[in-house]
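Here are my notes on the model, set out as numbered points. Please read them with the structure open.

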Amino acid sequence: MAERPMAAIYARLSEEDRVKNNWQNNSSSIINQVMLLRQYAEQMGWDVYECYTDDDWAGADRSRPAFNRLLRDAEQGRFNIVLCKTQSRFTRELEMVEKYIHGLFPLWGIRFVGVVDNADTSVKGNKKSRQINGLVNEWYLEDMSENIRAVLTTRRQEGYYIGSTPLYGYRKDPERKGHLIVDPEAAEVVKLIFHSFANGMGKTAIARMLNEKGIPNPTEYKRRKGMIKKAPRHKAGTLWKYFSIADILGNEMYIGNLIQGKYGSVSYKSKKNKPTPKERWIRVEHTHAPIIDKNLWDTVQKMIQERAKPFSTGEIGLFAKKVRCKHCGYIMRSGKGRGRHYLKCSSRHVAKDSCIGSFIYVDKLEEIVLEEMRRINKKFLDEKCLEDEIIIQETPLENIEKWKQQCSYERHRMDQLNTAIKNLYLDKVKGNIDAEQFQVLYYELDSDKENAKGKIKQLEQKIEQVQLRSSGQRKKREIVQEYVNPFKLNRSMVELLIDHIEVSRRDLETKMINIEIHWNF
């Protein structure tokens, strides 16, 4: 007797589903999804291995716990069918559709079935409709992201606070959404910080004073009040530091002005954020009650300017915000003594017994990083081969300009093709064209789009190569040495290659400092 197929059920519910419908009574709810899929499996004569459910997770989120557990079990061959209500419940990303449903699942001997939208990898000719569904879901994600961003921008411009947790010193108004009210307990600490600085106390000294008084830092305060749940990795995570004092002293939200949009998402597919240029910050005055009066604010800002280091050039340090203390996890601060720049952990200066304190000279750290780069390059790169591949030649500036114009034209063409593909799908939905016509026209447009993308890549590579050679003025040896056997680090190289560096305290016996470099590759 043949063995019955084994199916894994996957159900997902997002916050959007809750808002859009009364989810407890709607067919999209987790319970109803699972019931529907169990009944379908029973009708098909399939056994159910397990029900994997992700509640309150978006379809574009790749960190879904049950989703990732299902993928691990799938790779281990614990079942041979993945059963979902629709393909979009599994993922809304076209890239993930191609990677798993069309790529890895067939290799692992797994059939994918979407009950409602008839997605079934065992049906010949069904792949095109699944790809179209994936394309539509991708557009949905992009459009939804743009809509959300537009709504949030409008809310910020109207003076609504949209952060998940309020700024230290404030709390959310329970009577008025998007409005901040003063938190008396934390506000007193904010006032203490401003008055202490105005009376001549330094930022590190203020941090030490607060720690000696046993006052928790903003993150720890919010955790104790139930605003956040994540516990600190180290004891030092509950302490005040130089940077937290500096952030408070420079934040004009404490005089009643709302400043938002300092960070923006990298893309709708990623949760990572990146700093936004200051000119794009959204600033609205007099949106909430001030904690600090304007006269005190102006006094403090003037003192901060006067205390700026006279030898500072305004340039970002070589390892700025890249080096952490291995013992407490905090970013090491820069300083200068006896003619040498150094990095040190400041925890030991703001609280007793908080950290044993890491220390290293910048030039010594640069030497260690360069040596490690040379070791890695020697292991993985053939210097002679690279040198032979580089051809030095004069390239007229007008050629570069022409290539840039061609790039601009091809990008505009890609935008037009994307619009045409969207309109083509709408024509199919409206019945203006049949499925066969749609497929012919779609693949023609998609082919043109890929050609345009390839041309852009080729042009960008040509421009980059010319710029790298500095219009042919540098010799082959100079080019190869800079990237394969570098003698000097610069900030752009550190930013590109290094995620962060961990530095330990010098070992009392060996006199060695342990360095861990976490590369971006």
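**Notes on the fold, cores and aromatic pairs**

1. Phe 359 is partly exposed, with a relative accessible area of 32%. Tyr 361 is likewise partly exposed, at 27%. The cut-offs matter here: partly exposed covers the range between under 20% for buried and over 50% for exposed. Bear in mind that this is a predicted model.

2. How do the rings of Phe 359 and Tyr 361 meet? They form an edge-to-face aromatic pair. The centres are 5.2 Å apart and the planes are at 85°. Two values serve to describe such a pair: the distance of the centres and the angle of the planes.

3. Now the strands around these rings. β13, β14 and β15 form an open sheet in that order, with antiparallel pairing. β13 spans 333–337 and β15 spans 359–361. Both stand at the edges with a single partner strand, so each has one side without a neighbour in the sheet. From one strand to the next, the twist averages 30°.

4. Which strand joins β15 through three bridges? That is β14, residues 340–344, and the two run antiparallel. Within this pairing, Tyr 342 has Tyr 361 of β15 as its bridge partner. Tyr 361 therefore takes part in a bridge and, at 27% relative accessibility, still counts as partly exposed.

5. A further aromatic pair deserves a look. Tyr 40 and Trp 46 are edge-to-face, at 5.9 Å centre to centre and 70° between the planes. Their burial can be read separately. Tyr 40 is partly exposed at 23% relative accessible area, whereas Trp 46 is buried at 6%.

6. How many aromatic pairs does the whole structure hold? The search finds 19. There is also an aromatic cluster made of Tyr 10, Phe 67, Phe 90, Tyr 100, Phe 105, Trp 108 and Phe 112.

7. On to packing. The largest nonpolar core has 32 residues. Tyr 168, Ile 193, Phe 194, Trp 240, Tyr 254 and Ile 292 have the most contacts inside it. Elements giving two or more residues to this core are α7 (184–198), α8 (203–212), α10 (242–249), β8 (258–260) and α11 (294–306). The largest share is that of α7, with seven residues.

8. What does Phe 194 touch, leaving aside its neighbours within four places in sequence? Its contacts are Ile 248, Leu 249, Tyr 254, Ile 292, Leu 296, Trp 297 and Val 300. Two of these names, Tyr 254 and Ile 292, also appear among the residues with the most contacts inside the core. A second core, separate from this one, has 25 residues. Cys 325, Val 362, Met 373 and Trp 519 are among them.

9. Cysteines next. The structure holds zero disulfides. Cys 345 is buried, at 2% relative accessibility. Cys 407 is also buried, at 3% relative accessible area. Both values fall under the 20% limit, which is why each residue counts as buried.

10. Last, the overall numbers. The protein has 18 helices and 17 strands. Of its 521 residues, 38% are buried. Take the contacts with a separation of 6 or more: residues 24 or more positions apart account for 66% of them.

Definitions and conventions:
Residues are numbered from 1 along each chain as its sequence is written. This is a predicted model: local features need pLDDT of at least 70, side-chain atom pairs count only at pLDDT 80 or more; totals for chains, interfaces and linings use all residues. Side-chain values use heavy atoms; hydrogens and water are left out. A disulfide is a pair of cysteine sulfur atoms within 2.5 Å. Buried means under 20% relative accessible area, exposed over 50%, partly exposed in between (1.4 Å probe, protein chains only). Two strands pair if DSSP finds at least two bridges between them. Helices (H or I, at least four residues) and strands (E, at least two) are DSSP runs, numbered from the N terminus. Axes are lines fitted to C-alpha atoms, for helices over the stretch in contact, and angles run from 0 to 180 degrees between N-to-C directions. A nonpolar core is a set of buried Ala, Val, Leu, Ile, Met, Phe, Trp, Tyr and Cys residues joined through side-chain atoms within 4.5 Å. Contact means heavy atoms within 4.5 Å. Rings of Phe, Tyr and Trp (its six-membered ring) pair if their centres lie within 6.5 Å; planes under 30 degrees apart count as stacked, over 60 as edge-to-face and the rest as tilted.
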